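Thanks for coming, everyone. I'll walk you through one structure today. Have it open and follow along.

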Amino acid sequence: MAEASPRQDLLAFMRSPVAEAAPDAFEALALRVFAWQYAHNEPYAAFCRRRGLTPDRVAHWTAIPAVPTQAFKALPLITAGGSGEAAGEAALFRTSGTTQGRERRGEHHVSDPALYHASLLPTFAAYLLPDGARQPMCSLVPPAADVPDSSLAHMVDRVMAACGVPGGGVYVDGAGRLDRAGLEARLAEHVAAGTPVCLLGTSLALLRWLEELDAAGRSFALPAGSRLMDTGGYKGNEREVSEAALRRTYGRVLGLPADHCVNEYGMTELLSQYYDDVLRRRVLGGAGPPAGPRPKAGPPWLRALAADPDTLAPLPPGEEGILRHVDLANLGSVAAVQTEDVGVVLADGRILLKGRLASAEPRGCSRAMDQLLDAARGT
Amino acid sequence: MSVFEAWHLPGLEPDHVEEWRERVLPDGVRLRWPWLRAGAMRELAGRVAAAREALDGVPVVEIIGAVNRVAARLVDPADPLRAEAAALLPAVTGFHPAMVTLVLDRMAAEWRTPALERLLQAELGGAAALDGFVALPGGRRARAFGPRLALHVFAGNVPGVAVTSLIRVLLVRGASVGKTAAGEPVLPVLFARALATEHAALGDALAVTYWPGGEGPAEQEALAAADVAVGYGNAAAMAALRRAAPPGARLVEHGPRVSVGIVGPGALTDPARAETVAREAARAIAVVDQQGCVSPQALLVVDGCPVTPLAFTRALAAAFEQLEETLPRGGLEPGEAAAVHRLRNEAEFRAIAGAPVEIFAAPGTAWTVVLDATGELRASCLNRFVTVHPVASVRAAVVRLTPLAAALQTVAVAGAEELEAAAAALGRLGATRVTSFRAAPWPPGHGLHDGRGPLRELVRWTELEDGS
């Protein structure tokens, strides 16, 4: 019997306030999403059958077969018919694919942008705008029109359109060039007027700009209430800066308090995102940011578990492993995604990121075969 | 908490060491070694090279005897030296204790008197060529001399290879400075220390310790003093050694190598014979968890025989499952486990996309066998991951290996109808050793190494001409 698409119930779930969602709702919906994807996504169904994990044998969300992020490079992970009744113009997001040159880039087909937006906007609002603030948004992420396959650019574009107020803009072009003069003039206006602003960017773009500012002996004291969202855009780059060092720079050069600097953790393969919950906690509960690493929280339709790197079996909360996400906003592709990000899932569901698995360089002389075969392929 | 002094440095006074470095093993044992500055390394290299002069009066048979006594201790279960090696190596290498025991036994057997005598015979016609001038075939009269000082840069993948390297230089009366690998800084030190107690002059001609490869003035000083540099490791390590070696120094390179296996019709007619070959192939792959240069990384199995590639693959999988009981795979770093999953995933995605690919694997990462009939050669991530490639014939198998030519080392062959023809084709391609699956993981000590004579490339000859 063909089950109905869980889309409408999922949208209703996403409309409930982020903090007040019933925990059971996730469980039931996750299993429905799995059954729907098993029925309508043949490569994924084949992946599940190979593991003997069919919907009738999966009783808990942690047992839903998770495709490795690698699968987005190799298989067309499209749940046919999308979510049943897609709305909006379909998008195709690609991973940046910078770490391993010869590899294909991962592709995430988004046939139902309405569902994507229904996930990303309330989550952003919950963690960046928990006080209901409406601020001009200045972005250091290239405009979505110039990089249509960037999920980050798309997300920032939607956030600015939905949550921003006039007075902001995009200050990086499609080639990644920063319009420093424009950005700094705009910030100076807001400082003069006492208008709080929201900055959005990759950690790398922000760092490069702030180093230039710093070198020029300039700084801003952004008006109280100003905030910043950065995301791990420097991962795998030549620059590796600790989050804490970066936040000190935000404080020194922009005048932003640490609890107004919110780090986002997202990936092309997931349509929902995690954020530091420091600002949200500050606004709602008054607690300051933790001294150590910051836990990240996501919306109620996104859950994580840590898996054993060897067996891929789920680990109990508190144990370090490789993170697996079940993101119900991925209704149109595959909800359960196994990453190579190392982390811990806390008892309350928040996650602590510990970095990525070191790439394996076996002892001795073994990479030779890999390299010779690559050379023979002419890659 | 116990400390293992991971160095053997004749003349070094621990009290005078300015700086120590340490590493704590997973079982809590601390490894400690001195941080040698340029000046200290220069003095050390000079001391060891000077100590070598005392060996000029030592007959080779005496050197063999001392090495043999240390080797005997290393295989004697009641000897504390053996116990120390067996206790430290699993923690330091990650290999299962059963693997360490097996490797110690097999490696040390090549350090016993008969093996060393056979090596000298094969390489130099016997020890006499080192003890005096001898008549050589063709009417020459000559004597062989070893290096004044050899610098060895060891790799950590196979315990014992470093010791073999030190022994080769000792046999030709050379002194050595050995730089241990981070992955195995124990056995060469234990060997050198034990040798020093057996024969003080030999111990004084050996220095073994750790420093990070390619790092700074210490390595440069050691290289500057050496007339032979022996390197083991990947292409980058070899290139670094070549760049840093002084002009005139002889380089003995054991760079990256790939080994494979071919199963021909003769092994695929009778199911019982095929099972035996599958067991031997699995064992050849399992030894040192496939990290040796001689470990087969891919298998090419001739199709169209009574035992199909699929049946052979199943037998191979069964053999790996059994080996998990008797010779378990060592623990993996999370990144190594991820590499196994990544390769499995790639194979699985090919299968899902309809390609003729089948995967047999342990529940964890302990072993993986992929049958891949797509016609493309697949790499291994090691740690007991092998792809079986069906091929039309042994000849087709050799052609399939063409991309590996530049680095081909051992080819294990079973059931080839015309073995010599196959070996010749493999030799033309670049293979340096054609052998059985049973012998593949254990190259004989008297054999060629990467196709070259291991003592011949260490010595120089002095010819004494008629009428002098």
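Start at helix 10 of chain B, residues 216–225. What do its buried residues pack against? They pack against helix 1 (38–52), strand 6 (149–153), strand 7 (175–180), strand 9 (228–232) and helix 11 (235–244) of chain B. And which residues of helix 10 are buried? Here they are: A218(B), E219(B), E221(B), A222(B), L223(B) and A225(B). Notice E219(B) and E221(B) in that list.

One caution before we move on. This is a predicted model. So keep an eye on confidence as we go. Chain B averages a pLDDT of 95, and 100% of the residues score at least 70. For the complex, the predictor gives an ipTM of 0.87 and a pTM of 0.91.

Next, helix 5 of chain B, residues 113–124. The helix has twelve residues. From first C-alpha to last, it reaches 16 Å, close to the 16 Å expected at 1.5 Å a residue. Buried here are A115(B), L116(B), L119(B), L120(B), E123(B) and L124(B). Why do these sit on the same side of the helix? Because they cover an arc of only 135° around the axis of helix 5 of chain B. What lies against them? The buried residues pack against helix 2 (60–75), helix 4 (97–109), helix 6 (128–131), strand 5 (140–145) and helix 7 (161–171) of chain B. Right after helix 5 of chain B comes G125(B), with a positive phi near 75°.

Stay in chain B and find G132(B). That glycine is in the loop between helix 6 and strand 4 (134–136) of chain B. Is G132(B) buried or exposed? Exposed: it has 10 other C-beta atoms within 10 Å. Now look across to A142(B). The two are ten residues apart in sequence. In space, G132(B) and A142(B) are 8.1 Å apart, C-alpha to C-alpha.

Now two strands of chain B to set side by side. Strand 2 of chain B covers residues 20–24. How many of its five residues are buried? Zero, so strand 2 of chain B lies largely in the open. Its partner is strand 3 of chain B, residues 30–34. The two pair in the antiparallel sense over five bridges. One partnership to find: E22(B) with R32(B). The hairpin they form has five residues between the strands. In that hairpin, G28(B) takes a positive phi near 95°.

Then take strand 12 of chain B, residues 296–302. This one is mostly covered, with seven of its seven residues buried. Strand 11 of chain B, residues 258–263, joins strand 12 by four bridges. Those two strands run parallel. For a landmark, G261(B) has L299(B) as its bridge partner.

A word on backbone angles. Most residues other than glycine have a negative phi. V288(B) is not a glycine, yet its phi is positive, about 45°. You'll find V288(B) in the loop between helix 12 (271–286) and strand 12 of chain B. V288(B) is buried, with 26 other C-beta atoms within 10 Å. Chain A has a case too. L312(A) has a positive phi of about 65°, and is not a glycine. The loop holding L312(A) runs between strand 11 (302–307) and strand 12 (320–327) of chain A. L312(A) counts as partly exposed, with 18 C-beta neighbours inside 10 Å.

That brings us to chain A as a whole. The secondary structure comes to eleven helices and 14 strands. Of the 379 residues in chain A, 47% are buried. Take the contacts in chain A with a separation of 6 or more: 69% of them are between residues 24 or more positions apart.

How sure is the predictor here? The mean pLDDT of chain A is 89, and 89% of its residues reach 70 or more. Confidence is highest in strand 4 (residues 136–139) of chain A, at 98. Helix 11 of chain A is lowest, at a mean of 79. Also watch residues 234–238 of chain A, where pLDDT stays under 50. For that stretch, the model has ten contacts beyond four places in sequence.

Last stop, the two chains together. In all, 29 residues of chain A are in contact with 41 residues of chain B. Which elements of chain A give two or more residues to that side? Helix 3 (42–50), helix 4 (71–74) and helix 11 (367–377) of chain A. Helix 11 of chain A gives the largest share, seven residues. By class, the side of chain A that touches chain B has 18 nonpolar, five polar and six charged residues.

Key
Residues numbered from 1 in each chain as written. Chains lettered and ligands numbered in written order. Predicted model: local features only at pLDDT ≥ 70, side-chain atom pairs only at ≥ 80, totals over all residues. Contact = placed C-beta atoms within 7 Å. Nonpolar A, V, L, I, M, F, W, Y, C, P; charged D, E, K, R; others polar. Expected span 1.5 Å × (residues − 1). Buried ≥ 20, exposed ≤ 12 C-beta atoms within 10 Å, placed from the backbone. Arc of directions from axis to C-beta. pLDDT = per-residue confidence, 0-100. Pairing = 2+ DSSP bridges.
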